[in-house]
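What follows is a walk through one structure, taking helix packing before pockets. Keep the sequence and the coordinates open while reading.

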Amino acid sequence: MAKRPEKSLVVGLDIGTSKIVAIVGEIQADGQVEVIGLGSHPSRGLKRGVVVDIESTEQSIQRAVEEAELMADCEIHSVFAGIAGSHVRSLNSHGAVAIRDKEVVDGDVERVLESARAVAVPADQRILHVLPQEYVIDSTDGIRQPVGMSGVRLEARVHLVTAAVSAVQNVTKCVARCGLQVDDLILQQLASSHAVLSDDERDLGIALVDIGAGTTDVAVFTEGAIRHTTCIPIAGDLVTNDIAVALRTPTVHAEEIKIKYACALEQMVSSDETIQVPSVGNRDPRRLERQTLAQVVEARYRELFDHVHKQLRQSGFESMIPAGLVLTGGGAKMEGVVELAEEILHMPVRLGTPQGVTGLSEVVSNQIYATGVGLLIYGSRADGRHRTPLGRGGESLWERIKHWFQGEF
């Protein structure tokens, strides 16, 4: 078998509340990313996006990374990791500097961004991203690429994202204990936006809603730039818990019922449909109407979309997103979610599937991998020093399979 030529790899690590996913992408000569490896392992060490058990999180990361290494036939040294949670804050800022040589160079852009990030941040928070929205040279605004333009004064309007220092340190520590380096920590909804939004939608104005297990992450884009980000602590795990309580069934069965039979809009369910529901303890399973399940689920999704609507209204961008709303993440896959969102938010809603990469179809076309694919795209556009070399020095394929099975059992 011909040996795979050595090319640059990039690895995305989605550290979620219900699962940890490692995705390996190979960067092609034309810059396109081909997904060649996927590893996924249940997550037990996070609560609403925040690490609460370092040991358990470390093990889940290790297992996901080993699985991805095995599939991609490579050794992973570093990752682009996602971060989310209610500790994340955001605000818009502004900076200004004089243009030294009457023509903007890279140094001027760096100085004006440094000026824009000079805002008071609480001691327990650190700046995660400084995301340029637009540049202004003298009195000309709306500039996206100022380098090479003439003028005397350069201004920048930016979106700042901050995160709790302890949360960042704990995520980084879990990854480091697996022998991996963190190339960059990326806000999860920012990563997802790279995978599911088009440039036209960003320019026209759109809101991205990523419904995960622990949190629902929202990002608003207008005129090609990110304007607002927020996190809502209502997501898939609460829906599962509602089903478990209402139908009096163990949580593990509630999750299965949610995936197989749940619908977020009761009127879409036929009145003669029934489902079998396992009981707690040694009691016999029961048959219940599927509409009963839909009533439970719809109530929680209505609460979630009411919060999304409230956030959009409070941000001031509700009337500035004519492209509507894109839903992604595992919680968006349920039947009836798009229809319910359109009913509550009164705007066009579509389901966002990952785009812009090739390779494993299960990854490319599945909403639950939107953040992981987005991390790949983000990483592929980053500095080449972050790329992972292909090939696992000194260890044969059989040795790696043996190592993986030893860890699994």
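**Helix packing and pockets**

Helix α1 (residues 54–72) packs against helix α3 (residues 165–176) at an angle of about 50°, and their axes are 8 Å apart. That angle makes α1 oblique to α3. The two helices, α1 and α3, cross in a right-handed sense. On the α1 side the contact is made by I54, T57, E58 and I61, and on the α3 side by N170, K173, C174 and V175. By class, this contact of α1 with α3 has 4 nonpolar, 2 polar and 2 charged residues. The model is predicted, and side-chain atom pairs count only at pLDDT 80 or more.

A second helix pair is formed by helix α8 (residues 290–315) and helix α9 (residues 337–345), whose axes come within 10 Å and cross at roughly 45°. Angles from 35 up to 65 degrees fall outside the parallel and perpendicular classes, and α8 and α9 are therefore oblique to each other. The crossing of α8 past α9 is right-handed. From α8, the residues E298, Y301, R302, F305, D306, V308 and H309 meet V337, L340, A341, E343, I344 and L345 of α9. The contact of α8 with α9 divides by class into 8 nonpolar, 1 polar and 4 charged residues.

The third pair is α6 and α7. How are these two helices, α6 and α7, oriented to each other? They pack at an angle of about 110°, with their axes 8 Å apart. Angles of 65 to 115 degrees count as roughly perpendicular, so α6 and α7 are roughly perpendicular to each other. Here too α6 passes α7 in a right-handed crossing. The α6 residues G236, V239, T240, I243 and A244 meet T251, A254, E255, I257 and K258 in α7. By class, the residues of this contact divide into 5 nonpolar, 3 polar and 2 charged.

The helices α6 and α7 also lead to the largest pocket, since both are among the elements that line it; each of β1 (8–15), β3 (33–42), β12 (206–211), α6 (236–247), α7 (251–261) and α11 (370–380) supplies at least two residues of its lining. This pocket has a volume of about 1200 Å³. It is lined by 47 residues, and those closest to its centre are S18, K19, A213, E255 and K258. Two of these, E255 and K258, are also α7 residues in the contact with α6. Which element gives the largest share of the lining of the largest pocket? It is α7, with 8 residues. By class, the lining of the largest pocket has 15 nonpolar, 20 polar and 12 charged residues.

The second largest pocket holds about 480 Å³ of space. Its lining is made of 19 residues, and L190, S193, H194, R202 and R381 lie nearest its centre. At least two lining residues come from each of β8 (125–137), α4 (188–196), α5 (199–204), β14 (225–232) and α11. The element that gives the most to this lining is α4, with 4 residues. By class, the lining of the second largest pocket has 10 nonpolar, 6 polar and 3 charged residues. Helix α11 is named for the lining of the largest pocket and again for that of the second largest.

Strand β8, named in the lining of the second largest pocket, also holds V130. V130 and V161 are 31 residues apart in sequence, yet their C-alpha atoms are 6.7 Å apart in space. Leaving aside neighbours within four places in sequence, V130 is in contact with L113, R117, V158, H159 and L160.

How values were computed:
Residues are numbered from 1 along each chain as its sequence is written. This is a predicted model: local features need pLDDT of at least 70, side-chain atom pairs count only at pLDDT 80 or more; totals for chains, interfaces and linings use all residues. Side-chain values use heavy atoms; hydrogens and water are left out. On a 1 Å grid over the protein atoms alone, a cavity is a set of points where a 1.4 Å probe fits but cannot get out, and a pocket is an open set with protein on both sides within 12 Å along at least five of seven lines; lining residues have an atom within 4 Å of a point. Grid points are joined across faces, edges and corners, and a volume is the space filled by probe spheres set on the points. Ala, Val, Leu, Ile, Met, Phe, Trp, Tyr, Cys and Pro count as nonpolar, Asp, Glu, Lys and Arg as charged, and the others, Gly among them, as polar. Axes are lines fitted to C-alpha atoms, for helices over the stretch in contact, and angles run from 0 to 180 degrees between N-to-C directions. Angles under 35 degrees count as roughly parallel, over 145 as roughly antiparallel, 65 to 115 as roughly perpendicular and the rest as oblique. A crossing is left-handed if the near helix is turned anticlockwise from the far one by less than a right angle, and right-handed if clockwise. Contact means heavy atoms within 4.5 Å.
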